[in-house]
Amino acid sequence: MKVKALSRVDSTYERERTGDIHKLQRNLSTAEHPFQRAREYTRARNATKLERHFAKPFVAALSGHIDGVYCLAKHPTVLNTIVSGSADGEMRLWDLAAQETLWSTTAHKGFVRGIAFVPFRDSFFSVGEDKVVKLWDRKQKEPLNSYLYPNAFT
């Protein structure tokens, strides 16, 4: 027959210094906690809400960039077209419906800091860490115009 004995170590209940706060022991008896059921119900409800929130399906990943993507721009009139710029200077034009790259080029030396579409056209601007603003057309691999500035864009 096994006999279990309770033992108490005084150091877990006593203060180390006189300035310390007294250690309080919690009584977890359900009879002495009238709001425990309501508290547990609230915790369970919140956990369920969080599970529902994070259970949304992952739609798609647009893979193709080697380095991290730091800027995106959507086309103002074509809903399924976006342009992305990455940290290695690469830009890609994406078709979201087909989840594929329509156009890509190495646009800048260093980070692509910003992208903006020209309204009602297939042109877009890119701003790089290399102090250059470039105007692009999706039909060409080379920029239409380049503007060099004395200071870097951050």
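## Starting with one residue

In which strand is Val133 found? Val133 sits in strand 7, which covers residues 132-137. Keep in mind that this is a predicted model.

Is Val133 buried or exposed? With a relative accessible area of 12%, Val133 is buried, because buried means under 20%. If you look for Ala61, 72 residues away along the chain, you'll find its C-alpha atom 28 Å from that of Val133.

## The whole chain

Let's zoom out. The chain has one helix and eight strands. Walk along the sequence and you meet them in the pattern α-β-β-β-β-β-β-β-β.

Now for the dimensions. The C-alpha trace spans about 85 × 40 × 35 Å along its principal axes. For 154 residues, a compact globule would have a radius of gyration near 15 Å, but this chain comes out at 30 Å.

## Inside, outside and charges

How much of the chain is buried? Buried residues account for 24% of the 154 residues. On the outside, the chain exposes about 12100 Å², and 55% of that comes from carbon and sulfur atoms.

Contacts can link places well separated in the sequence. Take the contacts between residues at least 6 apart in sequence: 29% of them join residues at least 24 apart. As for charges, there are 24 positive and 17 negative ones, and the mean positions of the two groups are 7 Å apart.

## A closer look at Ser123

Ser123 lies in strand 6, which runs over residues 123-128. Why does Ser123 count as buried? Its relative accessibility is 3%, and the cut-off for buried is under 20%.

Which residues does Ser123 touch, once you skip its neighbours within four places in sequence? They are Phe117, Val118, Leu135, Trp136, Asp137 and Leu144.

## The aromatic rings

The chain has four aromatic pairs. One of them joins Trp103 and Trp136 in an edge-to-face arrangement, with 5.6 Å from centre to centre and 65 degrees between the planes. Trp103 belongs to strand 4 (residues 100-106) and Trp136 to strand 7, so the pair ties together parts that are 33 residues apart in sequence.

Both Trp103 and Trp136 are buried. They also belong to a bigger group: ring pairs link Trp103, Phe117, Phe124 and Trp136 into a cluster. You've already met two of these names, since Phe117 and Trp136 are among the contacts of Ser123.

Key:
Residues are numbered from 1 along each chain as its sequence is written. This is a predicted model: local features need pLDDT of at least 70, side-chain atom pairs count only at pLDDT 80 or more; totals for chains, interfaces and linings use all residues. Side-chain values use heavy atoms; hydrogens and water are left out. Helices (H or I, at least four residues) and strands (E, at least two) are DSSP runs, numbered from the N terminus. The radius of gyration is taken over C-alpha atoms; the globule rule is 2.2 Å times the number of residues to the power 0.38. Buried means under 20% relative accessible area, exposed over 50%, partly exposed in between (1.4 Å probe, protein chains only). Contact means heavy atoms within 4.5 Å. Accessible areas come from the Shrake-Rupley method with a 1.4 Å probe; for residues, only the protein chains shown count as cover. Lys and Arg count as positive and Asp and Glu as negative; His and the chain ends are not counted. The place of a charge is taken as NZ of Lys, CZ of Arg, CG of Asp or CD of Glu. Rings of Phe, Tyr and Trp (its six-membered ring) pair if their centres lie within 6.5 Å; planes under 30 degrees apart count as stacked, over 60 as edge-to-face and the rest as tilted.
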